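Here is a brief report on one protein chain. Look over the sequence and the model before reading on.

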Amino acid sequence: MGGRRRWLPALPLLLLLLLPLPPPGLPRRPSGCAARGLCCPGRDRGCLSAGRRPDGSSGPCYCDQACARTLDCCHDYAQACPVIPCVVSQWSAWSGCAEPCKTTYRVRTRHIVQEPRNGGEACPALEQRAGCVEYWTRQGAECQQSLIPALITTGGFGKARKKRAAAGGSERAGYCVEFQLVALAPGCLQRQPPHGRWMRALREGRTVCVECQHPALLPATQHCHGDGAGSQLNQLLRWQAVGNHRCKGTWRRIRRLDTCSCPSVHSFLFI
């Protein structure tokens, strides 16, 4: 009995010697991201702590942005490093056209209010551009006719126009312009009435004849808007079908005809 009493005080020391030592390289530090004040961008092997992981296991764990993909985050990573998305301001007002008398663009911008953090959604585009045409110079003079889009409709309205003009005694001699169609929007393929019939004549590569007559004929200039007067050789000009905003495209001016002889099938009117 006396020997057991002398042996017992040494038992706690023996048990301490038998306990496993902590893994090398893991100093005794506070566990978790919040306790260590860790929250690292990207992938950072030095952003290391110890403690529980979300799956309940224990050991090395990370507080970097990559841990969400590698599944080795510390248990409190989501709370200590919450996802913060990018926040941007409202759009500014649209600017004027970049250059007058040209088919160009206008711009609006916004700025970053809050940068994204901890894997937050990246910032969207901070600039937008939109097509733009300014028909007046900086000095207030009207641009060339070639820049104004032609508004066209079927030539079938021409007879009714001429009857009204003759009845009012205001009939003026008009003219015609031949164009070669270069490109058409898919909206021109619409077959639903009332647009389907006359728009069938609009085909890429086809030559069309467009008549300029009263009241589209402007008395001051003796031109119809969009007739391409003053355009350069082979310059692409724009047109828009009236009655179907989805039907538009480009063409090249071929020549002006002072005596109109437009075929009825491929005949159109300036509006």
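Is Arg-129 buried or exposed? Arg-129 is exposed, because its relative accessible area is 52%, and the cut-off for that class is over 50%. This is a predicted model, and the values below are computed from it.

**Salt bridges**

The structure holds 3 salt bridges. In one of them, Arg-129 pairs with Glu-127, with 3.1 Å between the closest N and O atoms. Glu-127 is partly exposed, at 41% relative accessible area.

Arg-255 and Glu-178 also meet through their side chains, at 2.9 Å from N to O. This pair ties distant parts of the chain together: Arg-255 sits in strand β11 (residues 248-257), Glu-178 in strand β8, and 77 residues separate them. Glu-178 counts as buried because its relative accessibility is 16%, below the 20% limit. Its partner Arg-255 counts as partly exposed, at 45%.

Arg-256 and Asp-258 form another salt bridge, again with an N to O distance of 2.9 Å. Arg-256 is partly exposed, with a relative accessible area of 37%. Asp-258 reaches 55% and counts as exposed.

**The barrel**

Which strands close into a barrel? The order is β7-β10-β11-β8-β9-β12, 6 strands with mixed pairing. Neighbouring strands of this sheet are turned by 45° against each other on average, direction ignored.

Three of the strand pairs in the barrel are listed here, each with a facing residue pair.

| Strands | Sense | Bridges | Facing residues |
|---|---|---|---|
| β7 and β12 | antiparallel | 3 bridges | Thr-154 and Phe-268 |
| β8 and β9 | antiparallel | 6 bridges | Cys-176 and Glu-211 |
| β9 and β12 | parallel | 3 bridges | Glu-211 and Leu-269 |

Glu-211 appears in two rows: it stands opposite Cys-176 and also opposite Leu-269 in β12. β9 is mostly covered, with 5 of its 6 residues buried.

**Cores**

The largest nonpolar core has 25 residues, and Leu-202, Trp-239 and Trp-251 touch the most other members. The elements giving two or more residues to this core are β7, β8 (175-184), β9, β10 and β12. β8 gives the most, with 5 residues. Another core lies apart from this one; it has 11 residues, including Leu-38, Cys-47, Cys-63 and Cys-74. In soluble globular proteins, nonpolar side chains tend to be buried together.

**Surface and hairpin**

Some nonpolar residues are on the surface. Leu-151, Val-242 and Ile-271 form a nonpolar patch there, with about 220 Å² of accessible area together. Leu-151 belongs to strand β7. Leu-151 counts as partly exposed, at 36% relative accessibility.

Where is Asn-234 found? Asn-234 is in the loop between β9 (207-212) and β10 (236-241). Asn-234 counts as exposed, at 53% relative accessibility. The C-alpha atom of Asn-234 is 7.1 Å from that of Arg-253, although the two residues are 19 apart along the chain.

Strands β1 (residues 48-52) and β2 (residues 58-62) run antiparallel and are joined by 5 bridges. Arg-52 stands opposite Ser-58 in β2. The hairpin of β1 and β2 has 5 residues between the strands, and Gly-56 takes a positive phi near 95° in it.

Methods:
Residues are numbered from 1 along each chain as its sequence is written. This is a predicted model: local features need pLDDT of at least 70, side-chain atom pairs count only at pLDDT 80 or more; totals for chains, interfaces and linings use all residues. Side-chain values use heavy atoms; hydrogens and water are left out. Helices (H or I, at least four residues) and strands (E, at least two) are DSSP runs, numbered from the N terminus. Buried means under 20% relative accessible area, exposed over 50%, partly exposed in between (1.4 Å probe, protein chains only). Two strands pair if DSSP finds at least two bridges between them. Axes are lines fitted to C-alpha atoms, for helices over the stretch in contact, and angles run from 0 to 180 degrees between N-to-C directions. Patches are made of residues with over 30% relative accessible area and no salt bridge: like charges are joined within 9 Å, nonpolar side chains (Val, Leu, Ile, Met, Phe, Trp, Tyr) within 5 Å. Accessible areas come from the Shrake-Rupley method with a 1.4 Å probe; for residues, only the protein chains shown count as cover. A salt bridge is a side-chain nitrogen of Lys or Arg within 4 Å of a carboxyl oxygen of Asp or Glu. A nonpolar core is a set of buried Ala, Val, Leu, Ile, Met, Phe, Trp, Tyr and Cys residues joined through side-chain atoms within 4.5 Å.
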